[in-house]
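Colleague: Please take one part of this model, look at it closely, and set it in the context of the chain as a whole. I would rather have one connected account than a list.

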Amino acid sequence: MLLLHVLVALSSLALCTAQVFKPSPNGILFGKIGIIATLASGTILTILSQGSPTRLCISGLVFTAVCSAMTTYGEKQLAK
């Protein structure tokens, strides 16, 4: 499950980063889907693991903030 979560997160991060440099409507959509999928798999992983939820939640919030900012920047660039 951890490997799946890491793959989803890295893919989502790559999609969101791509939207900063070359935004597209489909890319923004898939970036948002990636963010949601990463949050969902992280939530499941947090529920199933014995780790510290505080550390995991802070990491998830940072990831979500960074990816959301990149996606928003791409949307603004696309609107111009």
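Modeller: Helices here are DSSP runs of at least four residues, numbered from the N terminus, and the model they are read from is a predicted one. On that footing the chain has three helices and zero strands, so that from the N terminus on its elements run α-α-α. Its C-alpha atoms fill a box of roughly 45 × 20 × 15 Å along the principal axes.

The part I would look at is a nonpolar patch on the surface, formed by Leu2, Val6, Leu10, Leu13, Ile58, Val62 and Val66, which together have about 600 Å² of accessible area. Helix H1 (2-21) and helix H3 (53-79) each supply at least two residues of this patch, and H1 gives the most, with four. Leu2, one of the patch residues, is found in helix H1, and it counts as exposed because its relative accessible area of 54% is over the 50% cut-off. For the setting, the chain as a whole exposes about 5300 Å², with carbon and sulfur atoms supplying 75% of that area.

In soluble globular proteins, nonpolar side chains tend to be buried together. The interior of this model can be set beside its patch: the largest nonpolar core has six residues, namely Ala9, Cys16, Ile35, Phe63, Cys67 and Met70. The elements that give two or more residues to this core are again H1 and H3, although here H3 gives the most, with three residues. Ala9, a member of the core, is in contact with Thr38 and Phe63, once its neighbours within four places in sequence are left aside.

Two further residues fill in the surroundings. Ser41 lies in helix H2 (residues 25-48) and is buried because its relative accessible area, 8%, is under the 20% limit; leaving aside neighbours within four places in sequence, Ser41 is in contact with Met1 and His5. Gly60, placed in helix H3, counts as partly exposed because its relative accessibility is 24%, which falls between the limits of 20% and 50%. The C-alpha atoms of Gly60 and Ala37, 23 residues apart along the chain, are separated by 12 Å.

Across the chain, buried residues make up 25% of the 80 residues, and among contacts between residues at least 6 apart in sequence, 77% join residues at least 24 apart.

Key:
Residues numbered from 1 in each chain as written. Predicted model: local features only at pLDDT ≥ 70, side-chain atom pairs only at ≥ 80, totals over all residues. Heavy atoms only, no water. Patch = residues over 30% accessible without salt bridge, like charges linked within 9 Å, V, L, I, M, F, W, Y side chains within 5 Å. Areas by Shrake-Rupley, 256 points an atom, 1.4 Å probe, with all protein chains shown as cover. Salt bridge = Lys/Arg side-chain N within 4 Å of Asp/Glu carboxyl O. Buried < 20%, exposed > 50% of the residue type's maximum accessible area, 1.4 Å probe, protein only. Core = buried A, V, L, I, M, F, W, Y, C linked by side-chain atoms within 4.5 Å. Contact = heavy atoms within 4.5 Å.
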